[in-house]
Amino acid sequence: MRIDKDLVAASATPLVLGILADGDLYGYAILKRVSELSGGSMQWTDGMLYPLLHRLERLGHVSSSWGTSEAGRRRKHYAITASGRAALADRQEQWAVVADALRQVWQAAQQPPATTERWA
Amino acid sequence: MELHAEQEAQIGRWRGWVQRRQAISPADVDELEDHLREQVADLRATGLDDDEAFLVAIKRMGNLDAVSHEFAREHSERLWKQLVLLPEDAEDAGAPPWRELGIVLALAVGAGLAVKAGTAWLGDEAVLARNLGLLVLPFLAGYFAWKRRLTARVVAALLVPFALLAVVLNVYPFVPGGSTELLAALHAPVVLWLLAGIAYTGGRWRSDSRRMDFVRFTGELVIYYTLLALGGAVLVGLTFGALQVLGIDLEPVLEDWILPFAVPGALVVAAWLVEAKQNVVENIAPVLTRVFTPLTILMLLSLLVVLTPAGGLVDVDRGLLILMDAILVLVLALLLYSISARDPLEPPGLFDGLQLVLVVAALAVDAVMLTAMLTRIAEFGSSPNKIAALGLNLLLLVHLVRAAWLSAGCLLGRRPFAELERWQTRYLPVYGVWAVIVVVVFPLVFAFA
């Protein structure tokens, strides 16, 4: 199953902030984590992650520092900041409301659309 | 994880490809490359071979246009090229980045001191006017001599004509207020400018492409100098106004100190700016030619309309000839600067046609004026001024007629564009020769009158 790209875009910021809240990471590791968490069904265009990270950095939600990888290459690590945690908490509330509303709609409808999709 | 040589080459090519995107900085490319390598390594661990892993990793990275567009949205400032005057990582080991700035400022101050000393010691205004170029040029040429590491032979080749010119300008017994003196003062800077060109090209003045570089440099220098002059004028105006309110008159200081230093100094600084920016910022002169070529065509056509019914052209005098020379010089500059920016391999387009129209219109206007002028010279005799203006007019005419012929050939696809370009650069020294004749021969012929 492929996730609609608008949905991916909308969830990108909270996902990245949430993953960084668990610990500092570099770009590729963030994407790997996203893939693991979604069971491989949330595929981002890899290149798009970096402009997003740079935007979050400009907004002060994350900070970055250059380090070196095991192979000795330059690697940029990202860490969440206090303002990033505040933004994450804010997003979490918003998503909780959305998810709750959706759950009620799914329950009202007799047949959850997800099962038919998976079958197809 | 160690990759094979082929893989390294692939990644190197990809890096070069990404680096060409202006919105993606070198640090971003490092970040993306690290990502790509991790991805490739993981994919190979799942059993893909090198090529497959690389292709999949590139595909996952996404369309480069879209990614670079995203980068541009986040870093819009990167689309504006920034001129870095003091590079942080100096490439020449041992040469601190501020050394060039120091030399430029010293030369600028030196040019100011030379002009100031000239005003103090030469006294007479006419003598100063003749020598002004001689006072300023060595500092500009000195900058290029340092920058291009001129050999002793080239320096000697510059010094000898410079010294001869200085001797001629100061030994000739010019009649005070005579026109040969004025002509010599006007034409000496042209000779000096071509000497500066030899310094600029590092002595390789025979090379067509280096000559074209000097033409580009001249155009950019004029623009940067104008910008500096405008900025300086605003600054002086504000200071002037503020001091006037306080009851202090800036004028004597302005005339005695600020202008003698600022005007020649700005020339050296402008030359340095053009040198520093040449790789970073687009040339502006060719952009201006695009704007002004159609407008100049309109101007010339309206001139033709006004002139033709006037018929007799009773009041033509040397003023008109000089005006005509100015128009031809303008047309020539428009032609030269658009040629300087044109890709020789591009097929002829609309703008090339427009340029031909411009040149032909200028020639038509010139032909009308020139016939009127020649009849008047035949009737009332010649003067040094008339001959000098006429001579320049003829030189410009030959230049433009041949250029029109060649560009027509280009448009019809019969000649390569490079031939038109070569004609421009080959012809340039002729102006220098003419200027030498006006400075050296005219006073002798016209008895220094």
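# Exercises on a predicted two-chain model

In chain B, the centres of domain 1 and domain 3, taken over C-alpha atoms, are separated by 53 Å. The domain assignment of this chain gives domain 1 as 5-79, domain 2 as 98-277 and domain 3 as 285-445. The model is a predicted one, and the exercises below work through chain A, the contact of the chains, the helix pairs of chain B and some single residues.

## Exercise 1: The outline of chain A

Task: State how many helices and strands chain A has, and work out whether helix α4(A) is largely buried or lies in the open.

Solution. Begin with the inventory, which is five helices and three strands, arranged along the sequence in the pattern α-β-α-α-β-β-α-α. The C-alpha trace of chain A spans about 55 × 30 × 20 Å along its principal axes, and of the 120 residues in the chain, 22% are buried. Among contacts between residues at least 6 apart in sequence, 49% join residues that are at least 24 apart.

Next, take helix α4 of chain A, residues 82-108, whose 27 residues should span 39 Å at 1.5 Å a residue; the end C-alpha atoms are 39 Å apart, which agrees. For the last step, count the buried residues, where the cut-off is 20 or more other C-beta atoms within 10 Å. In α4(A) two of the 27 residues are buried, so the helix lies largely in the open.

## Exercise 2: Where the chains touch

Task: Find which element gives the largest share of the side of chain A that touches chain B, and decide whether α3(A) and α4(B) are roughly parallel or antiparallel.

Solution. The contact takes 16 residues from chain A and 17 residues from chain B. On the side of chain A, the elements that give two or more residues are α2 (27-37), α3 and β3 (74-80), and α3(A) provides the largest share, with four residues. By class, this side of chain A has five nonpolar, five polar and six charged residues.

Now turn to the helix pair. Helix α3 of chain A (residues 49-59) and helix α4 of chain B (residues 64-74) pack at an angle of about 10°, and their axes are 9 Å apart. Angles under 35 degrees count as roughly parallel, and α3(A) and α4(B) are therefore roughly parallel to each other. From α3(A), the residues P51(A), H54(A) and R55(A) meet E70(B), F71(B), R73(B) and E74(B) of α4(B). These residues divide into two nonpolar, one polar and four charged.

## Exercise 3: Two helix pairs in chain B

Task: Establish how α7(B) is oriented with respect to α8(B) and to α6(B), and give the residue classes of the contact with α8(B) and of the contact with α6(B).

Solution. Helix α7 (residues 152-171) and helix α8 (residues 179-200) of chain B pack at an angle of about 170°, with axes 10 Å apart. Angles over 145 degrees count as roughly antiparallel, and α7(B) and α8(B) are therefore roughly antiparallel to each other. The residues in contact are L158(B), P161(B), F162(B), L165(B) and L169(B) of α7(B), together with A184(B), A188(B), V191(B), L195(B), I198(B) and A199(B) of α8(B). By class this contact has eleven nonpolar, no polar and no charged residues.

For the other pair, helix α6 of chain B (residues 125-147) and α7(B) pack at an angle of about 170°, with their axes 10 Å apart, and these helices are therefore roughly antiparallel as well. From α6(B) come R130(B), N131(B), L134(B), A141(B) and A145(B), and from α7(B) come V155(B), L158(B), A166(B) and L169(B). The classes here are seven nonpolar, one polar and one charged.

## Exercise 4: Single residues of chain B

Task: Locate R149(B), A447(B) and L428(B), and classify how exposed R149(B), A447(B) and L428(B) are.

Solution. R149(B), in the loop between α6 and α7 of chain B, has a positive phi of about 50° although it is not a glycine. Most residues other than glycine have a negative phi. With 9 C-beta neighbours inside 10 Å, R149(B) counts as exposed. A447(B) is in the segment after α15 of chain B and has a positive phi of about 55°, again without being a glycine; with 11 C-beta neighbours inside 10 Å, A447(B) counts as exposed.

L428(B) is part of helix α15 (residues 417-445) of chain B, and with 18 C-beta neighbours inside 10 Å this residue counts as partly exposed. L428(B) and R211(B) are 217 residues apart in sequence, yet 8.7 Å apart in space, C-alpha to C-alpha.

Terms used. Residues are numbered from 1 along each chain as its sequence is written. Chains are lettered from A and ligands numbered from 1 in the order in which they are written. This is a predicted model: local features need pLDDT of at least 70, side-chain atom pairs count only at pLDDT 80 or more; totals for chains, interfaces and linings use all residues. Axes are lines fitted to C-alpha atoms, for helices over the stretch in contact, and angles run from 0 to 180 degrees between N-to-C directions. Angles under 35 degrees count as roughly parallel, over 145 as roughly antiparallel, 65 to 115 as roughly perpendicular and the rest as oblique. Two residues are in contact if their C-beta atoms, placed from the backbone, lie within 7 Å. Ala, Val, Leu, Ile, Met, Phe, Trp, Tyr, Cys and Pro count as nonpolar, Asp, Glu, Lys and Arg as charged, and the others, Gly among them, as polar. Domain bounds come from an automatic or database domain assignment. The expected span of a helix is 1.5 Å times one less than its number of residues. A residue is buried if 20 or more other C-beta atoms lie within 10 Å of its own, exposed if 12 or fewer, and partly exposed in between; C-beta atoms are placed from the backbone.
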